[in-house]
Every structure is written in structure tokens, then in C-alpha cells.
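Trainee: Could you choose one part of this structure and look at it closely with me, step by step? I would like to see how one place can be read carefully before we move on to its surroundings.

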Amino acid sequence: MMRRPAALLALCAAFVASTQALASELPQRWVSAGGALSEWISELGGQPRLVGVDTTSQHPESLKALPSIGYQRQLSAEGILSLRPDVLVGTEEMGPPPVLAQVRKAGVRVELFSSQAELSAVDQNLKQLGALLGAEGRAAQLMASYHQQLEAVQLQVKQAQQNHKAPGVLLLVGHAGAKPLIAGQGTAGDWVLRQAGARNLAEHQGYKNFSNEALASLDPDVVVFSDRSLSGEQALQALLKENPALAASRAVRDKRLVLLDPTLLVGGLGPRLPTALQALATAFYPASAAK
Ligand code: HEM
């Protein structure tokens with residue numbers, strides 16, 4: 001009987017030692033590719049572990065001070081390896097594959113996350129990141145709050161739709177105006193449009209280039225536009241100059257053009273989306289917002 005507390009103590013000590021050992025096995029030097037993923041890492045308190053990020057990792061602002069590993073789809077092994085990381089994290093968008101193979105071969109752990117545009121992917125990513133950072137509790141909190149925020153947007157949209165028809169919308173991803181890609185089914189862009197209460201007029205799968213004629217025939221009520229290299233009025237002017245068909249569309253005539261930050265569409269669904277969805281829903285249903 002007298003031995004029991006001692007045994008318990010020993011057990012506790014062993015447990016503490018084992019969790020400490022586990023913590024020290026967690027990767028310490030992180031390189032992250034994919035804007036949304038880097039944002040989640042920061043939200044989970046992991047920013048001090050980041051030693052490098054890709055060019056789409058622009059939020060929070062402080063990430064821009066870190067060494068850059070280039071664009072997530074066009075990484076170079078040298079750039080990554082020179083930072084001596086324990087782990088490279090990214091989504092299916094990260095590549096090219098031979099570079100990832102080279103990084104693995106050099107002994108760096110490569111952890112893949114989902115860029116699928118669905119809520120279950122966010123849950124899974126947060127769980128996986130939480131475990132890798134030793135921040136499981138915080139990950140569970142973030143997950144619950146994300147679900148709540150999205151439900152609030154759903155409510156806003158549902159109320160707006162009681163009196164208004166869902167607008168037909170196209171989401172264009174441009175590069176200084178030239179040949180925009182149109183967000184089709186299964187993309188983060190499509191998810192964003194639907195969550196904010198729009199009808200995505202593009203029925204193809206993935207992101208695709210459209211001819212001027214095809215664009216003109218869809219005649220969207222609203223155009224949402226994301227440019228990789230320009231912002232604000234400059235981005236819109238470049239888009240209209242390079243895509244004359246759009247100039248004749250109802251969206252342009254009615255001046256219903258909405259700019260969207262392109263970093264909201266890379267590296268999976270990220271933490272700033274609920275706020276962006278609220279703003280989009282207000283743009284899609286302006287009359288209901290004014291009430
Ligand atoms: C801030 C966000 C982004 C930045 C900084 C960025 C940057 C770049 C750069 C530098 C390139 C290679 C050269 C070029 O064609 O211009 C590129 C290619 C590409 N980007 Fe992005 N991009 C961003 C967002 C996006 C988004 C939202 C999409 C979704 C459609 C996207 C899809 C692509 C595709 C499909 C390519 C060609 C890929 C390849 O050839 O491997 N990018 N991007």
C-alpha cells in the first residue's frame with residue numbers, strides 16, 4: 001500500500017519525460033509553401049519556427065520578412081535546402097514533383113496537406129498541423145471558431161436569398177490582365193462563390209482559360225477578379241483592356257466588379273476566408289445589406 005504513491009510518481013515522471021522527448025522530436029525549422037497553410041501555422045503560434053516561406057505566403061504581413069523559397073508551384077531544391085529545414089510543408093499545389101523528391105532525398109521531411117475546397121480538408125489540415133506543432137488544443141479551438149464563422153455567413157446568405165435571386169458570377173484569376181483563368185467546379189474560387197451565395201456560371205472542372213467569345217456568352221451579373229501581380233483599379237483596367245468581351249458584359253455595364261485578394265485562393269482554404277465571404281455576400285446582395 002505504501003508503495004503506491006511512489007509508483008504513481010514514477011509513472012508521472014516517465015510520462016512527463018516521454019512528452020518532453022516527443023516535443024523535442026517535433027520539427028523545429030519549418031519551410032512553408034502555400035499562403036493559407038502559412039496563415040494557419042501563424043494562427044497556431046508556429047510562426048517562430050518558420051525559417052522560409054513561398055511568395056504566396058503574404059499574411060500575416062510579418063511573413064514577408066522571411067527568406068523566400070520562390071513560387072509554390074516552381075520551387076527549387078537549393079533554395080529550400082540552404083535554409084536547413086527539418087520539414088517542408090505544402091499542399092498538392094506545391095511542386096514540381098522532382099524538386100520535392102530531391103528535398104526528401106536530402107533528408108528533409110515533406111509534409112503534405114490538402115488544398116481541396118471543402119471544410120473537412122480544413123479540419124484535417126488543422127489536426128495535422130496541430131500535432132506537428134504540439135498545439136492540438138489551439139487547433140481544435142480554431143476549427144470550432146471557423147465552423148461558427150462560416151455558419152454565420154450561411155445565415156447572412158440565406159436571409160439575403162429570401163428576397164433576391166442568386167447572381168450569376170464568374171471568378172477570374174489574372175496575371176497583369178493577360179489570359180485570365182476562370183474558376184470552374186472543384187476550385188477554391190468556386191467554393192468561395194457558392195459560400196457567398198453566387199451561382200458560378202463556369203461549369204468546367206478546375207481553372208481554365210476562356211476565349212473572348214465564351215466569356216461574352218456567359219454574360220455574368222458580377223465579375224470577381226483576382227490578379228496575381230496588380231491590385232486595385234490597375235488590375236481592373238488591365239483586365240478590361242486585355243479582354244474586350246468583358247467590357248460588353250452586364251457586370252461591367254452595371255459596374256459590378258469585385259476585386260479579391262489572390263492569396264485567399266492558394267494553399268487550401270485559409271483563416272481569412274470567412275471575412276472575405278461576408279464582403280462578397282454583401283457585394284452579391286447589395287440591397288439586402290442596405291436594409
Ligand atoms: C498571390 C498569389 C499568386 C502568386 C504570387 C502567383 C505567382 C505565380 C507565378 C510567378 C507563376 C509563374 C509565372 C507566370 O506564369 O506568371 C505562376 C503560375 C501559375 N499560377 Fe500562380 N500565383 C498566385 C496565385 C495563383 C492562383 C490563385 C492560382 C489559381 C488559379 C494560380 C495558378 C497558377 C497556375 C496554374 C500557374 C502555371 C503553373 C505552372 O506552369 O506550373 N496562381 N503563378
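Mentor: In this predicted model, Asp219 has a relative accessible area of 26%, and because buried means under 20% and exposed means over 50%, Asp219 is classed as partly exposed. The residue is placed in the loop between α8, which covers residues 212-218, and β9, which covers residues 222-227. Its backbone deserves attention as well, since phi of Asp219 is near 40°, a positive value in a residue that is not glycine. To see why this is worth noting, keep in mind that most residues other than glycine have a negative phi.

Arg84 can be read in the same way, for here too a residue that is not a glycine has a positive phi, in this case of about 45°. Arg84 is likewise found in a loop, the one between α3 and β3. With a relative accessible area of 57%, however, Arg84 is exposed, because that value is over 50%.

The backbone holds other features to look for, and to judge them it helps to know that most peptide bonds are trans. A cis peptide bond joins His59 and Pro60, with omega at about -5°, and Pro60 belongs to the loop between β2 and α3. Another cis peptide bond links Gly95 to Pro96, with omega at about 0°, and Pro96 is in the loop that runs between β3 (87-91) and α4 (97-105).

The loop that holds Pro60, between β2 and α3, brings us to the ligand, for Tyr71 is placed in the loop between β2 (50-53) and α3 (77-81). The OH atom of Tyr71 is the single donor that the protein gives to the iron atom of the ligand, at a distance of 1.9 Å. An N or O atom in the side chain of Tyr71 is, in addition, 2.8 Å from a nitrogen atom of the ligand. Oxygen atoms of the ligand have polar partners as well: a polar side-chain atom of His175 lies 3.0 Å from one, and a polar side-chain atom of Arg228 lies 2.7 Å from an oxygen atom of the ligand. Around the ligand there are 14 residues, of which Tyr71, Gln74, His175, Tyr207 and Arg228 come nearest. When the residues of this shell are sorted by type, 7 are nonpolar, 5 are polar and 2 are charged. The ligand sits in the largest pocket.

Other loops show how a residue can be buried while its side chain makes polar contacts. Thr187 is placed in the loop between β6 (178-183) and α7 (188-195), and it counts as buried because its relative accessibility is 5%, which is under 20%. Its side chain reaches the backbone oxygen of Gly184 at 2.7 Å, while the backbone nitrogen of Asp190 lies 3.0 Å from a polar atom of the side chain of Thr187. Thr263, in the loop between β10 (257-259) and α12 (273-284), is buried with a relative accessible area of 5%, and its side chain makes a polar contact of 3.0 Å with the side chain of Arg272.

It is also useful to compare positions along the chain with positions in space. Ala121, in helix α5 (residues 119-133), counts as buried at 6% relative accessibility, and although Ala121 and Gly268 are 147 residues apart in sequence, their C-alpha atoms are 8.1 Å apart. Arg49, in the loop between α2 (35-43) and β2, is 19 residues from Trp30 along the chain, and the C-alpha atoms of the two are separated by 5.6 Å. Like Asp219, Arg49 is partly exposed, here with a relative accessible area of 22%.

Finally, these places can be set within the whole chain, which has 13 helices and 10 strands. Its C-alpha trace spans about 85 × 45 × 30 Å along the principal axes, and buried residues make up 46% of its 291 residues.

Key
Residues numbered from 1 in each chain as written. Predicted model: local features only at pLDDT ≥ 70, side-chain atom pairs only at ≥ 80, totals over all residues. Heavy atoms only, no water. Near = heavy atom within 4 Å. Polar contact = N/O pair within 3.5 Å; in protein donor to acceptor, adjacent residues only side chain to side chain. 1 Å grid on protein atoms, 1.4 Å probe; cavity = no way out; pocket = protein on both sides within 12 Å on 5 of 7 lines; lining within 4 Å. Sits in = over half its atoms within 2 Å of the grid points. Nonpolar A, V, L, I, M, F, W, Y, C, P; charged D, E, K, R; others polar. Donors = N, O, S within 2.8 Å, 3.2 Å for Na, K, Ca; no water. Helix = DSSP H or I, 4+ residues; strand = E, 2+ residues; numbered from the N terminus. Buried < 20%, exposed > 50% of the residue type's maximum accessible area, 1.4 Å probe, protein only.
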